[in-house]
Amino acid sequence: MLRRIEPYVTFGYPSKSLITKLVYKRGFVKINKQRVPINDNAMIEDNLGKFGLKCVEDLIHEIATCGPHFKEANNFIWTFKLKSPTKGFVHKRQSYINGGDWGNREDKIAALIKRMI
């Protein structure tokens, strides 16, 4: 499935510090099918406390390490809405390997995400 959408998306492996920045700056959660900003640890403990996740740092750790309750933590977080990158894209029609933008960036996804936060 990833091969079919590869010319339309860019992806990679984010670091824990990048996930932390994303959650703190652009983090929203799903509560009663509504998009709610993360204000305090109580909302995380109320919804994910039964899985041992008590605070934002526990949530970030679970997502970064793909822990045993990754599925529940990932479903609890709303999709991140990012801006267009500062200074735009380089070549939208070429893959990252060929100097473009789409495809697998591996560990270099952090540079693009930092421009989009």
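**Notebook: two odd phi angles, a hairpin and a helix pair**

Started with Asn32: it is exposed, with a relative accessible area of 70%. Reminder to self: this is a predicted model, so every value here is computed from it.

**Entry 1, Asn32.** I looked up where Asn32 sits, and it is in the loop between strand 2 and strand 3. Then I checked its backbone: phi of Asn32 is near 55°, which is positive, and the residue is not a glycine. That caught my eye because most residues other than glycine have a negative phi.

**Entry 2, the hairpin around it.** How do strand 2 and strand 3 run, and how many bridges join them? Strand 2 (residues 28-31) and strand 3 (residues 34-37) run antiparallel, with 4 bridges joining them. I picked out one pair: Lys30 has Arg35 of strand 3 as its bridge partner. The hairpin has 2 residues between the strands, and Asn32 with its positive phi belongs to this hairpin.

**Entry 3, Cys66.** I noted another positive phi here: Cys66 has about 55° and is not a glycine either. Where is Cys66 placed? I found Cys66 in the loop between helix 4 (56-65) and helix 5 (70-76). Is Cys66 buried or exposed? Its relative accessibility is 53%, so Cys66 counts as exposed, the cut-off being over 50%.

**Entry 4, helix 2 and helix 6.** Next I went for a helix pair. The axes of helix 2 (residues 16-26) and helix 6 (residues 109-116) come within 11 Å and cross at roughly 15°. Angles under 35 degrees count as roughly parallel, so helix 2 and helix 6 are roughly parallel to each other. I also noted the handedness: helix 2 passes helix 6 in a left-handed crossing. Which residues make the contact? On helix 2 I listed Leu18, Lys21, Leu22 and Arg26, and on helix 6 Ala110, Ile113, Lys114 and Met116. Sorted by class, this contact of helix 2 with helix 6 has 5 nonpolar and 3 charged residues, and no polar ones.

**Entry 5, the whole chain.** Last, I zoomed out. The protein chain has 6 helices and 4 strands, and I read their order along the sequence as α-β-α-β-β-α-α-α-β-α. The C-alpha trace spans about 45 × 25 × 25 Å along its principal axes. Of the 117 residues in the protein chain, 29% are buried. For contacts between residues at least 6 apart in sequence, I noted that 58% join residues at least 24 apart.

Terms used
Residues are numbered from 1 along each chain as its sequence is written. This is a predicted model: local features need pLDDT of at least 70, side-chain atom pairs count only at pLDDT 80 or more; totals for chains, interfaces and linings use all residues. Side-chain values use heavy atoms; hydrogens and water are left out. Axes are lines fitted to C-alpha atoms, for helices over the stretch in contact, and angles run from 0 to 180 degrees between N-to-C directions. Angles under 35 degrees count as roughly parallel, over 145 as roughly antiparallel, 65 to 115 as roughly perpendicular and the rest as oblique. A crossing is left-handed if the near helix is turned anticlockwise from the far one by less than a right angle, and right-handed if clockwise. Contact means heavy atoms within 4.5 Å. Ala, Val, Leu, Ile, Met, Phe, Trp, Tyr, Cys and Pro count as nonpolar, Asp, Glu, Lys and Arg as charged, and the others, Gly among them, as polar. Two strands pair if DSSP finds at least two bridges between them. Buried means under 20% relative accessible area, exposed over 50%, partly exposed in between (1.4 Å probe, protein chains only).
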